[in-house]
Amino acid sequence: MDLGIRGKKAIICAGSKGLGRGCAEALAEAGVDLVLNARGAEALAETANEIEARYGVTVIAVAADITAPEGRAAVLAAAGEVDILINNAGGPPPGVWSDWSRDDFIKALDGNMLSPIAMMQGVMPGMMARGWGRVVNITSAAVRAPIPQLGLSNAARAGLTGFVAGTARQVAHAGVTINNMLPGIHATDRADALDGAVVRAEGISLDEARARRAAGIPARRYGTASEFGAMCAFLCSQHAGFIVGQNILVDGGAANQTM
């Protein structure tokens, strides 16, 4: 399927690896030029060079912390006018309610709620003026089915979801859509970190931890970054203009819900 977005420009936050890279590659395959952001300069440069060589699109790499005001300013300055924004940032660490202080919650809100909101505020006026834009926020399946040990993520991402629910309906008339993608467990560094915590807590092997988690997913496997990226690219396509303010679960059926 031709997604109809060849020649457009996208910002991909945290795009050097994992789900962000999956989205970057899918958009590049569709002919979208990229402004690729991540904190690690070396990994970012390597990813940017590989994507540029493989897909023949222009890739601008901006090594910066997207959760910091100066990092966001650097990305927005390098990007200029953009058509697509993919908000993405690593989640806060797992724990239990008694572990977390106010500072922990503020850090989680900065990273997973306030930063994506600031990026949307930075690019959406231009999108609206030009009559077209796509925003996809990578949140978490925990928004729909909270994960007890991820209380910081549950709280911050739920706040972002509430913001998007109202805002998406305020900008849709101008041809701008905002949607959220809710990943379950994918084969990324985030899954490795969560599985590693189980290994340390329960004294089991990493393979056992992964097998136990996969057994709770109806698909009986972890997702891949490439299939996640394909869904992201569709939401950014010309065909998705009537999908507004939605929360799309990509979790292999793990969230046991009727609706």
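Arg72, Val75 and Leu76 in helix H3 meet Ser115, Ala118, Met119, Gly122 and Val123 in helix H4, where contact means heavy atoms within 4.5 Å. By class, this H3–H4 contact has 5 nonpolar, 2 polar and 1 charged residues; here Ala, Val, Leu and Met count as nonpolar, Arg as charged, and Ser and Gly as polar.

This is a predicted model, with local features needing pLDDT of at least 70, side-chain atom pairs counting only at pLDDT 80 or more, and totals for chains, interfaces and linings using all residues. Residues are numbered from 1 along each chain as its sequence is written, and side-chain values use heavy atoms, leaving out hydrogens and water.

So how do the two helices sit? H3 (residues 69–79) and H4 pack at an angle of about 30°, with axes 11 Å apart. That makes H3 roughly parallel to H4 (angles under 35 degrees get that label). Their crossing is right-handed.

Now for Asn88. You'll find Asn88 in the loop between strand E4 (84–87) and helix H4 (102–130); helices are DSSP runs of H or I with at least four residues, and strands are runs of E with at least two. Asn88 is buried, with a relative accessible area of 14% (buried means under 20%, with a 1.4 Å probe and protein chains only).

The side chain of Asn88 reaches these two atoms:

| Partner atom | Distance |
|---|---|
| Cys13 backbone oxygen | 3.4 Å |
| Ala14 backbone oxygen | 3.2 Å |

Leaving aside neighbours within four places in sequence, Asn88 is in contact with Cys13, Ala14, Gly20, Ile66 and Ile138.

Terms used:
Buried < 20%, exposed > 50% of the residue type's maximum accessible area, 1.4 Å probe, protein only. Polar contact = N/O pair within 3.5 Å; in protein donor to acceptor, adjacent residues only side chain to side chain. Axes fitted to C-alpha atoms, helices over the stretch in contact; angles between N-to-C directions. Parallel < 35°, antiparallel > 145°, perpendicular 65-115°, else oblique. Left-handed = near helix turned anticlockwise from the far one by under 90°.
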